[in-house]
Amino acid sequence: MGSVISGRCRIRVRYSETDAMGVAHHSRHVAWMEVGRLELMRSAGSSYEALEAQGLSLPVIGLELRYKGAARSGDIIEIETSMERSSPARLSFRYRLTRVADAALLATGSTEHAAVDQALRPVRLPAVLLDMLAAGQAYPLAEGPC
């Protein structure tokens, strides 16, 4: 495993994200993990859009998610995301989702991503990602929306 960078951001659970029981639908957690991943990259000075402009994509090739508690409409959720290099052509992200009001752990998860070119062929991680990881930075709570 390579160096690790991490960051945090917050979202508010929207009513439309809940089910008939008033609980955030399980599928939303995956979307919130993506929000955390994109915000971490933005905090580190890059973005998926910038990588794609260079002909690189980072598709999800693995996903794990463990539910620990329920989120409800109006709850503010903190998404803690960390990124590490898992091979010359792969990145792993880890996530912790907690409710801000009571610090309750709602879910933990991970995703694995392969670096691929436009033809979906594996490529080595680009210098911009390796530089981010080499910095080993922990970014503060993101200000503004994420």
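Buried, in what follows, means a residue with under 20% relative accessible area, while exposed means over 50%. Keep those cut-offs in mind as we walk through this predicted model.

Let's start with the overall layout. There are 3 helices and 6 strands in the protein, and reading along the sequence gives you the order β-α-α-β-β-β-β-α-β. The radius of gyration is 16 Å, close to the 15 Å that the globule rule gives for 146 residues, so the protein is as compact as a globular protein of that length. If you'd rather think in terms of a box, the C-alpha atoms fill one of roughly 45 × 30 × 25 Å along the principal axes.

What about inside and outside? Of the 146 residues, 41% are buried. Looking at contacts with a separation of 6 or more, 70% of them join residues 24 or more positions apart. On the outside, the accessible surface adds up to about 7700 Å², and carbon and sulfur atoms hold 51% of that. As for charge, the protein carries 17 positive and 16 negative side chains, with the centres of the two sets sitting 3 Å apart.

Now zoom in on helix α1, which covers residues 26-43. Its 18 residues stretch 27 Å from first C-alpha to last, close to the 26 Å expected at 1.5 Å a residue. Which residues of α1 are buried? They are H29, W32, M33, G36, R37, E39, L40 and M41. An α-helix has 3.6 residues a turn, so residues three or four places apart point the same way. With that in mind, follow H29, W32 or M33, G36 and L40 along the helix; each is on the buried list. Charged residues turn up there too, as R37 and E39 are both buried.

Step just past the end of α1 and you come to G45, where phi is positive at about 95°. That brings us to backbone angles. Most residues other than glycine have a negative phi. Two residues are worth a look against that background.

One is A103, which isn't a glycine yet has a positive phi near 60°. You'll find A103 in the loop that links β4 (90-99) to β5 (105-114). Its relative accessibility is 60%, so A103 counts as exposed.

The other is L120, again not a glycine, with a positive phi of about 65°. L120 belongs to the loop between β5 and α3 (127-135). Is this leucine buried or exposed? L120 is exposed, because its relative accessible area is 62%.

Notes:
Residues are numbered from 1 along each chain as its sequence is written. This is a predicted model: local features need pLDDT of at least 70, side-chain atom pairs count only at pLDDT 80 or more; totals for chains, interfaces and linings use all residues. Side-chain values use heavy atoms; hydrogens and water are left out. Helices (H or I, at least four residues) and strands (E, at least two) are DSSP runs, numbered from the N terminus. The radius of gyration is taken over C-alpha atoms; the globule rule is 2.2 Å times the number of residues to the power 0.38. Buried means under 20% relative accessible area, exposed over 50%, partly exposed in between (1.4 Å probe, protein chains only). Contact means heavy atoms within 4.5 Å. Accessible areas come from the Shrake-Rupley method with a 1.4 Å probe; for residues, only the protein chains shown count as cover. Lys and Arg count as positive and Asp and Glu as negative; His and the chain ends are not counted. The place of a charge is taken as NZ of Lys, CZ of Arg, CG of Asp or CD of Glu. The expected span of a helix is 1.5 Å times one less than its number of residues.
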